[in-house]
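Take a look at the structure below. Turn it slowly, and then read on with it beside you.

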Amino acid sequence: MSQRLSLAVHSGDFAVPETGRIAVFLPREGHDLSALPQGQLEVIQPLKPENDYWTTRGLTCVAEAEAGATYAAAVVFIPRAKPLARQLVAQAIAATQGPVLIDGVKTDGIDSLLKELKKRTAPSAATSKAHGKAFCIEGGLDLSDWILGAQEVSGGFVTAPGVFSADGIDPASALLAQTLPAKLGKEVADLGAGWGYLSAQILGRDTVETLHLVEADHIALTCAHRNVNDARAQFHWADARQWGVKGSLDAVVMNPPFHTGRAAEPALGQAFIANAARLLKPAGQLWLVANRHLPYETPLSEAFASLTEVAGDNRFKILHAARPRRSR
């Protein structure tokens with residue numbers, strides 16, 4: 001993925017410094033970083049599975065750039081979310097003494113970003129390949145107006161650019177919160193907790209003694225720390241598909257993700273279901289909300305002895321599964 005970086009390096013359009021740290025913002029599994037000096041790289045990747053991927057390849061990885069950090073150069077792989085893309089570019093430029101290479105595909109908005117930057121500076125000629133572009137600008141440009149930081153939404157919750165449902169409470173999560181019973185058990189997990197809306201509602205149940213907020217996005221989890229101020233809450237930066245101890249929970253609540261970029265991938269939610277079944281005690285219960293069209297009933301029936309649709313509308317369904325099958 002992204003031969004554009006290699007082409008920009010080999011052509012000299014992106015002048016790689018011989019010394020100093022090079023920040024690489026949001027590389028995903030499959031991005032080719034081999035054209036860069038591996039010992040100089042600091043990967044900045046808030047998604048835990050992606051962070052682990054680069055860590056296992058021997059690179060220095062952090063969830064977020066340290067405040068006040070400076071770099072000799074930077075590479076930004078832009079995400080689909082425009083506010084986050086703009087913020088990452090602004091942060092990279094502010095922290096970088098030398099060149100900043102910006103890389104992205106057309107469907108993620110690289111063309112509009114280039115157009116905006118041309119109003120502020122003089123980017124290099126773009127390298128176009130594989131339905132995307134890469135171009136360079138010099139560090140030091142003032143793009144502070146692109147840095148939004150945390151924002152408050154209805155209910156007094158704090159979110160951040162790029163996190164799921166950054167503009168307000170997700171209606172599917174709101175429906176699930178309304179449906180949850182008064183008693184959920186002592187040990188509960190919110191798998192894919194996001195910025196903490198569902199967790200805040202779960203902690204309104206006084207039977208809960210411990211609530212595990214499990215979230216792969218470090219930025220969202222940082223918001224959750226601010227939104228969930230309760231001693232019963234434990235925060236885990238982890239992949240919800242793999243986290244946890246078998247047979248340790250009384251209940252799992254979740255609104256699982258089902259997209260990777262623009263592509264729908266129901267297998268993500270199915271992996272959440274499989275891990276929920278593993279985590280629950282013999283009498284444990286799962287409460288799940290999903291878009292109406294997602295094919296979760298079959299894996300739920302295979303993983304649990306009982307399955308009921310307890311609420312829903314034309315957009316969403318609330319599924320309650322109980323008693324995980326011991327063969328799992």
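What follows is a walk through strands, helices, a pocket and a few loop residues.

This is a predicted model: local features need pLDDT of at least 70, side-chain atom pairs count only at pLDDT 80 or more, and totals for chains, interfaces and linings use all residues. Residues are numbered from 1 along each chain as its sequence is written, and side-chain values use heavy atoms, with hydrogens and water left out. Helices (H or I, at least four residues) and strands (E, at least two) are DSSP runs, numbered from the N terminus.

Start with strand β11, residues 210-215. Is it buried or exposed? Of its 6 residues, 6 are buried. Buried means under 20% relative accessible area, exposed means over 50%, and partly exposed lies in between (1.4 Å probe, protein chains only). In a regular strand the side chains alternate between the two faces of the sheet. On one side of β11 sit Thr-210, His-212 and Val-214. On the other side sit Leu-211, Leu-213 and Glu-215. Both faces are covered.

Now look at the neighbours of β11. Two strands pair if DSSP finds at least two bridges between them. Strand β10 (residues 187-191) pairs with β11 in the parallel sense, over 5 bridges. Here Val-188 has Leu-211 as its bridge partner. Strand β12 (residues 233-237) also pairs with β11 in the parallel sense, and there are 5 bridges. In that pairing, Glu-215 stands opposite Trp-237.

Which helices go with these strands to make β-α-β units? Helix α6 (residues 197-202) makes one with β10 and β11, and the unit is right-handed. Helix α7 (residues 218-227) makes another with β11 and β12, and that unit is right-handed too. A crossover is right-handed if, with the strands pointing away from the viewer, the path from the first strand over the helix to the second runs clockwise. Try that view on your screen.

Between α6 and β11 runs a loop that holds Gly-204. Gly-204 counts as exposed because its relative accessible area is 62%. Its C-alpha atom is separated by 34 Å from that of Gln-87, and the two residues are 117 residues apart along the chain.

Gln-87 leads us to the second largest pocket. Gln-87 is one of the lining residues closest to the pocket's centre, along with Glu-64, Ala-65, Gln-91 and Ile-219. In all, 26 residues line this pocket, and about 500 Å³ of space lies in it. On a 1 Å grid over the protein atoms alone, a pocket is an open set of points where a 1.4 Å probe fits, with protein on both sides within 12 Å along at least five of seven lines, and lining residues have an atom within 4 Å of a point. Grid points are joined across faces, edges and corners, and the volume is the space filled by probe spheres set on the points. Two elements, α3 (82-95) and α7, give two or more residues to the lining. The most come from α3, with 5 residues. By class, the lining has 18 nonpolar, 5 polar and 3 charged residues. Ala, Val, Leu, Ile, Met, Phe, Trp, Tyr, Cys and Pro count as nonpolar, Asp, Glu, Lys and Arg as charged, and the others, Gly among them, as polar.

Move on to strand β7, residues 132-138. Of its 7 residues, 6 are buried. Strand β5 (residues 99-105) runs antiparallel to β7, and 7 bridges join them. One bridge pair is Val-105 and Gly-132. Strand β6 (residues 127-129) pairs with β7 in the antiparallel sense too, over 3 bridges. In β7, Ala-134 is the bridge partner of Thr-127.

β6 and β7 form a hairpin with 2 residues between them. What is the phi of Ala-130 in the turn? It is positive, about 55°, although Ala-130 is not a glycine. Ala-130 counts as exposed because its relative accessibility is 51%. Compare Leu-26, in the loop between β1 (22-25) and β2 (41-44). Leu-26 is not a glycine, and its phi is positive, about 60°. Leu-26 counts as buried because its relative accessible area is 12%.

Finish at Gly-140, in the loop between β7 and β8 (151-153). Gly-140 counts as exposed because its relative accessibility is 61%. Leaving aside its neighbours within four places in sequence, Gly-140 is in contact with Ile-93 and Thr-96. Contact means heavy atoms within 4.5 Å.
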